[in-house]
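Thank you all for making time this morning. I would like to walk through one structure with you, going from a few charged pairs to a sheet and the helix that lies across it, so please keep the view open while I talk.

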Amino acid sequence: MALGSSCLGIGPAQAGDARKYPGKAVPRVHPQDWPRLQPPLPADPDLERRLDVLLAHMTPEQKVGQLIQADIGSVTPADVRQLGLGSVLNGGNSSPRDDKLAAPGEWLALADRFYAASVGGDAVLPVLWGTDAVHGHNNIPGATIFPHNIGLGATRDPELIRRIGEITALEVRVTGLDWAFSPTVAVARDARWGRTYESYSENPALVREYAAAMVTGLQGMPGTQQFLDAAHVLATPKHFLGDGGTRGKDQGDNRSTETALRDLDAAGYIGALGAGAQTVMASYSSWRGVKMHGNRALLTDVLKGRFGFDGLVIGDWNGHAQLPGCTAVSCAAAVNAGLDMLMAPDDWRELHANTLAQVRSGAIPMSRLDDAVRRVLRVKLRAGLDREVRPSSRPFAGQFELLGAPAHRAVARQAVRESLVLLKNRAHLLPLSPHSRVLVTGDGADSIAKQSGGWTINWQGTEPNQAFPHAETIYAGIARCVTAAHGAAELSANGEFHTRPDVAIVVFGENPYAEYEGDVPTLEYSPADKRDLALLRRLHSLDVPVVAVFLSGRPLWVNAELNAADSFVAAWLPGPEGGGIADVLFRAPNGTVPYDFRGKLPMSWPRSPKPPAVDDVAGEQPLFPFGYGLTYADDGYLATLPETLARASARLTRH
Ligand code: GLC
């Protein structure tokens with residue numbers, strides 16, 4: 001569909017936004033040119049009548065309370081009762097008693113206390129508890145943790161994605177929570193972005209398919225008994241809209257055309273909403289200079305109008321405070337633009353008072369307040385919160401043996417295997433014989449944190465190995481595999497050895513990060529520290545065959561590392577099931593190949609450290625294109641690559 005020109009005009013629908021951005025033309029949106037979606041849930045007149053009754057009996061104070069979500073690090077159950085808050089969350093660094101290693105039972109007990117504070121008396125409906133279960137129930141030590149989304153994007157296995165969602169939902173329920181702030185459905189186009197690993201792919205069709213699969217796994221299939229039952233949780237496609245197109249800057253400005261915004265960035269929402277997603281999280285990022293938290297045209301006219309979304313839109317962590325004229329404690333603009341719930345981790349009390357005042361003054365029309373509250377309560381009723389008993393009395397609650405259950409971990413290990421992408425395999429070095437002497441080295445060889453990345457136990461993913469009771473490092477997986485075949489595996493911190501190994505496996509890559517902490521100015525891997533490259537080169541110079549296992553949240557420029565290795569595996573952020581790597585690298589003791597590589601690149605691999613061209617649809621040729629990935633049958637020869645930035649760029653210009 002050809003969109004109207006995405007001129008920076010002010011249409012009638014957007015006139016209100018212009019008042020918020022004086023002197024700045026609000027970019028025009030043409031909702032009529034966006035797909036019209038049919039929500040998968042049929043109209044439910046009984047439900048709507050119940051909402052009418054609930055709303056009719058609510059005071060403005062109660063209504064405003066339902067619009068506010070507070071963080072468990074700053075709010076108590078008594079506060080929830082006093083203000084009638086609609087929801088709580090645990091941010092990436094929040095946990096019961098601020099103890100990252102708190103036992104699952106403590107989470108469940110706290111969920112009971114928040115539930116008890118939100119029922120009885122004049123309470124409206126129980127509180128929802130949201131958590132960033134973005135690669136498993138990743139705040140809980142012992143829970144099953146899966147590869148991050150970029151690795152899942154390499155698997156080309158949507159059924160696996162659905163299964164991962166299903167397991168994640170069940171483990172979230174075990175601890176008494178009912179809302180997962182996932183999946184991220186960004187279409188990442190510039191790997192300098194610190195959240196690239198939370199994206200499934202640069203390819204919108206793949207993101208759309210995976211968004212639907214993950215939402216179905218988390219929530220259950222609409223129209224079936226499983227939909228939002230006791231084994232499922234609310235899903236949250238995020239961050240609406242265009243977070244993956246900000247030219248590598250987290251919370252930055254997406255300058256794409258409206259056509260690209262529709263056809264690239266919105267693809268995941270079309271999949272997620274089609275699968276019945278009940279909540280959507282707004283993005284910190286902007287579109288053409290307008291912060292998404294204040295973009296009424298996209299939040300309301302497109303998402304709620306054209307897409308027909310009748311669930312709730314939640315803001316990101318104080319995302320409303322970034323709007324012109326707003327603060328963390330006061331932001332009528334975000335509510336009027338279409339936010340139905342404000343994530344107010346610490347300032348919920350003052351925000352409640354100010355929002356109530358804005359309703360009373362008319363700064364927030366009562367009709368907008370009622371629509372927002374209706375959406376929040378609609379989601380709660382669909383989630384069965386009116387029928388629920390306290391969290392610890394619900395099915396699966398307290399069945400802590402389900403956390404990291406062997407069957408769940410087996411799925412995580414399968415995901416690790418299927419996520420691996422083989423980029424080079426000189427002289428068919430891989431698969432390796434397990435009857436070998438194997439040297440394992442590199443600072444990623446024995447580090448669960450390094451193989452798991454951010455959003456793991458804590459926000460930035462920096463916990464020591466002890467925080468992961470079931471985990472297996474990549475070295476441990478190799479050692480177990482080789483020892484079982486009477487081979488030998490030696491872990492060496494610096495690559496030195498006493499007895500010459502038959503092969504060296506060097507596990508190296510990015511240190512954990514999350515969000516803007518991971519933004520980088522160049523695609524060159526580790527520009528300021530070349531010790532990994534030196535290690536590869538030293539082993540290569542000793543004529544030891546070298547297998548590189550690269551841990552990263554994104555494709556990076558690693559020409560020199562590729563040259564120094566005989567085989568090179570892109571392992572992404574596989575998570576605690578490090579044994580999945582050995583499953584693929586080694587033959588079985590009888591010489592057969594139990595698992596071949598099947599991973600295909602979810603994102604183009606850069607030929608140079610230069611960032612991709614804008615929307616790079618006609619940009620430079622990548623070193624390895626989207627969809628690239630060798631198997632053992634392929635000739636894994638790779639010609640020597642240019643290693644200096646100048647030559648790499650020069651080669652680039654010749655194309
Ligand atoms: C963060 C992230 C968002 C997350 C939220 C709650 O800033 O942007 O993805 O769900 O805060 O932790």
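Let me begin with a definition, since it will be needed straight away: a residue is called buried when its relative accessible area is under 20%, exposed when that area is over 50%, and partly exposed in between. Please also bear in mind throughout that what you see is a predicted model.

With those cut-offs, E61 has a relative accessible area of 32%, and therefore it is partly exposed. R360, at 55% relative accessibility, counts as exposed. These two residues form a salt bridge, in which the closest N and O atoms are 2.5 Å apart. Since E61 belongs to helix 3, residues 60-66, and R360 to helix 13, residues 348-361, the pair ties together parts that are 299 residues apart in sequence. As a general remark, side chains of opposite charge can pair when their charged atoms come close. A search of the whole structure finds 42 salt bridges, and I will take up two others.

One of them joins the side chains of R368 and D340, again with 2.5 Å from N to O. R368 sits in helix 14, residues 366-382, while D340 is in the loop between helix 12 (332-337) and strand 11 (342-343), so this salt bridge ties together parts that are 28 residues apart in sequence. Are these two residues buried or exposed? Both R368 and D340 are buried, and they also take part in a network of salt bridges that links K304, D340, R368, D371 and R375.

The other pair is R537 with E643, where the closest N and O atoms are 2.5 Å apart. Here, too, distant parts of the chain are linked, because R537 is in helix 18 and E643 in the loop between helix 20 and helix 21, 106 residues apart. R537 has 40% relative accessibility and so counts as partly exposed, and E643, with a relative accessible area of 29%, is partly exposed as well.

R537 brings us to helix 18, which covers residues 531-541 and whose buried residues are D532, L533, L535, L536 and L539. Looking down the axis of helix 18, we find these buried residues within an arc of 160°, which means that they line one face of the helix. On the other side of helix 18, R531 and S541 are exposed.

What do the buried residues of helix 18 pack against? Their partners are strand 13 (437-441), strand 15 (503-509), strand 16 (546-551) and helix 19 (559-564). Helix 18 lies across those three strands, strand 13, strand 15 and strand 16, and it runs at about 170° to strand 15. After the helix comes D543, which has a positive phi, near 60°.

Now to the sheet itself, which is open, has 6 strands in the order 12-17-16-15-13-14, and shows mixed pairing. Its edge strands are strand 12 (421-425) and strand 14, each of which pairs on one side only. On average, and ignoring direction, neighbouring strands of this sheet are turned by 20° against each other.

Within that sheet I would like to dwell on strand 13, where 4 of the 5 residues are buried, so that the strand is largely enclosed by the rest of the structure. Strand 13 pairs in the parallel sense with strand 14, residues 488-492, over 5 bridges, and in that pairing V438 has A489 as its bridge partner. Strand 13 is also paired in the parallel sense with strand 15, over 4 bridges. In strand 15, T441 finds its bridge partner in V506, and L439 stands opposite A504. As a general point, the side chains of a regular strand alternate between the two faces of the sheet.

Finally, a single residue away from the sheet: S608 is in the loop between helix 20 (579-585) and helix 21 (645-654). With 1% relative accessibility, S608 counts as buried, and its side chain reaches the backbone nitrogen of K610 at 2.9 Å.

That is what I wanted to show; I am happy to go back to any of these places in the view.

Terms used
Residues numbered from 1 in each chain as written. Predicted model: local features only at pLDDT ≥ 70, side-chain atom pairs only at ≥ 80, totals over all residues. Heavy atoms only, no water. Buried < 20%, exposed > 50% of the residue type's maximum accessible area, 1.4 Å probe, protein only. Helix = DSSP H or I, 4+ residues; strand = E, 2+ residues; numbered from the N terminus. Arc of directions from axis to C-beta. Contact = heavy atoms within 4.5 Å. Pairing = 2+ DSSP bridges. Axes fitted to C-alpha atoms, helices over the stretch in contact; angles between N-to-C directions. Polar contact = N/O pair within 3.5 Å; in protein donor to acceptor, adjacent residues only side chain to side chain. Salt bridge = Lys/Arg side-chain N within 4 Å of Asp/Glu carboxyl O.
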